[in-house]
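Trainee: I'm new to this one and would like to learn how to read it. Could you walk me through it, starting with the general ideas?

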Amino acid sequence: MGSTPWFLESVAADGSRVTHRIDRLPFSVGRDVGNDLTIEAQGLSRRHAELQADDAGGLLVVDLGSTNGTFVNHERLEAPRPLAPNDIIHFCTAEFRLTHDETLAAATLAGPLPLRTMVVPPGMNPLSQNFVRLEAQFMEFLAGRGLTGAAQPIVDARTGGLFAYELLGRCTHPELPGSPMHLFRMAATLRREAELSEAFRSHGVAALAPKAQGVRVFVNAHPSETFSDEFFQSLHGLLTLPARPRLVVEVHESAVVEVDRMRELAERLTSIGVEFAYDDFGAGQARLNELAEVPAHFVKFDMGIVRNLHEASERKQRMVRDLVRMVLELGSVPLAEGVEQEAEAQVCREMGFQLIQGYLTGKPIMVDVL
């Protein structure tokens, strides 16, 4: 069969969109150089799969008995599968989007060198929103490959003694970004933010709890999971660990929107013996109403407020001092986050902060070497 209007699109390491023209059918994909599309990817079979024409003039994908499978829209093939534009195809971990473009097909054939593979610079004609580069590796990570954590000390502002650790998610998967921020962006595209948050928390607490006996462990919750039954079930499961960690759930400010929901959250946490903290306090709206109606055990002042507080205007210092006093009057413990200088720490002590967290008192340490 002659050239077709079908293309396989992928994303290069630099963000460029790479377009592979399916210039004939059948079109073979695999690790061997004799294939129409040769892919050097771990786990790919020598002749992995084949694209074929169907009786109606459409396109089929056929797995050629590969070891690690071919997937269409995240479902493993059990038989030949008809394809449609914008389908996401995985040949093992190699990920592509299928496109159908008559104009592009004509343009590639009209040129002096009708290359099978073209590179489109980043930002031009972006891929479908359903396409997530390295999705297969991300799913491996959720299952535990490269999943780890770090712990940052939270100390008594007066004595410097260890009060708690905050658990921070980390990634050591060789093919994924190490930054949790980038991982959560991937998770957002896949609508798996709650799963990523739960994976970080469950793995990290299990590793940290035996080393944190006698001190609290602050854990993060993604706003999408905070009020779900699944979230409470996961917390309850952590409390059954042999070391029985003393958990403090950090409730992000963006999840604190309704007093009734916060009151219910506080009651449910109390019922299972878990404390909670308002995180990033003051980063956006101060949420004074929720703080007054449903006081938390701890209030973590955002590092944007704390940073260079010793050099801040008298007006700002007075505002922060008043907020700290209000937190104390409500029976909550104020915590200064992001303290990096002794001068900042001294001002925080004078203002009444009872806990300090930041590089001054301890950088995050990988849990496995703690």
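Mentor: Let's start with a word we'll use a lot: a residue is called buried when its relative accessible area is under 20%, exposed when that value is over 50%, and partly exposed in between. Keep in mind that this is a predicted model. Cys 92 makes a handy first case: its relative accessible area is 10%, so Cys 92 counts as buried.

Trainee: Then is Cys 348 buried or exposed?

Mentor: Cys 348 is buried, with a relative accessible area of 0%.

Trainee: While we're on cysteines, how many disulfides are there?

Mentor: The count of disulfides is zero. For a pair to count, the two cysteine sulfur atoms would have to lie within 2.5 Å.

Trainee: What does the whole chain look like in numbers?

Mentor: The protein chain has 10 helices and 21 strands. Of its 370 residues, 48% count as buried. The accessible surface comes to about 17600 Å², and carbon and sulfur atoms account for 51% of that. Then look at contacts between residues at least 6 apart in sequence: 59% of them join residues at least 24 apart.

Trainee: Next, charged side chains. How should I read those?

Mentor: Side chains of opposite charge can pair when their charged atoms come close. In this model the count comes to 18 salt bridges.

Trainee: Which residue does Arg 325 meet in a salt bridge?

Mentor: The partner of Arg 325 is Asp 322, at 2.8 Å from N to O. Both residues sit in helix 9, which covers residues 314–329, and they are three residues apart, about one turn of the helix. Arg 325 is partly exposed at 41% relative accessibility, and Asp 322 is partly exposed too, at 39%.

Trainee: Can you show me another pair?

Mentor: Sure. Arg 192 and Glu 195 form a salt bridge at 2.9 Å, N to O. Arg 192 is partly exposed at 25% relative accessibility, and Glu 195 is partly exposed at 38%.

Trainee: What about Glu 50 and Arg 47?

Mentor: Their side chains meet in a salt bridge at 3.4 Å, N to O. Here the two partners fall into separate classes: Glu 50 has a relative accessible area of 14%, so it is buried, whereas Arg 47, at 44%, is partly exposed.

Trainee: Which residues are linked in a network of salt bridges?

Mentor: One such network links Glu 166, Glu 250, Lys 300 and Glu 337.

Trainee: Let's go back to helix 9. How do I read the surroundings of a single residue there?

Mentor: Try Gln 317, which lies in helix 9. Its relative accessibility is 16%, so Gln 317 counts as buried. Set aside neighbours within four places in sequence, and Gln 317 is in contact with Leu 309, His 310, Glu 311, Ala 312 and Met 351. You can also compare sequence with space: Gln 317 and Val 347 are 30 residues apart in sequence, and their C-alpha atoms are 9.0 Å apart.

Trainee: Last one: which residues form a nonpolar patch on the surface?

Mentor: Ile 365, Val 369 and Leu 370 form one, with about 240 Å² of accessible area together. Leu 370 is in the segment after strand 21, which spans 365–366. With a relative accessible area of 32%, Leu 370 is partly exposed.

Methods:
Residues numbered from 1 in each chain as written. Predicted model: local features only at pLDDT ≥ 70, side-chain atom pairs only at ≥ 80, totals over all residues. Heavy atoms only, no water. Salt bridge = Lys/Arg side-chain N within 4 Å of Asp/Glu carboxyl O. Buried < 20%, exposed > 50% of the residue type's maximum accessible area, 1.4 Å probe, protein only. Helix = DSSP H or I, 4+ residues; strand = E, 2+ residues; numbered from the N terminus. Contact = heavy atoms within 4.5 Å. Patch = residues over 30% accessible without salt bridge, like charges linked within 9 Å, V, L, I, M, F, W, Y side chains within 5 Å. Areas by Shrake-Rupley, 256 points an atom, 1.4 Å probe, with all protein chains shown as cover.
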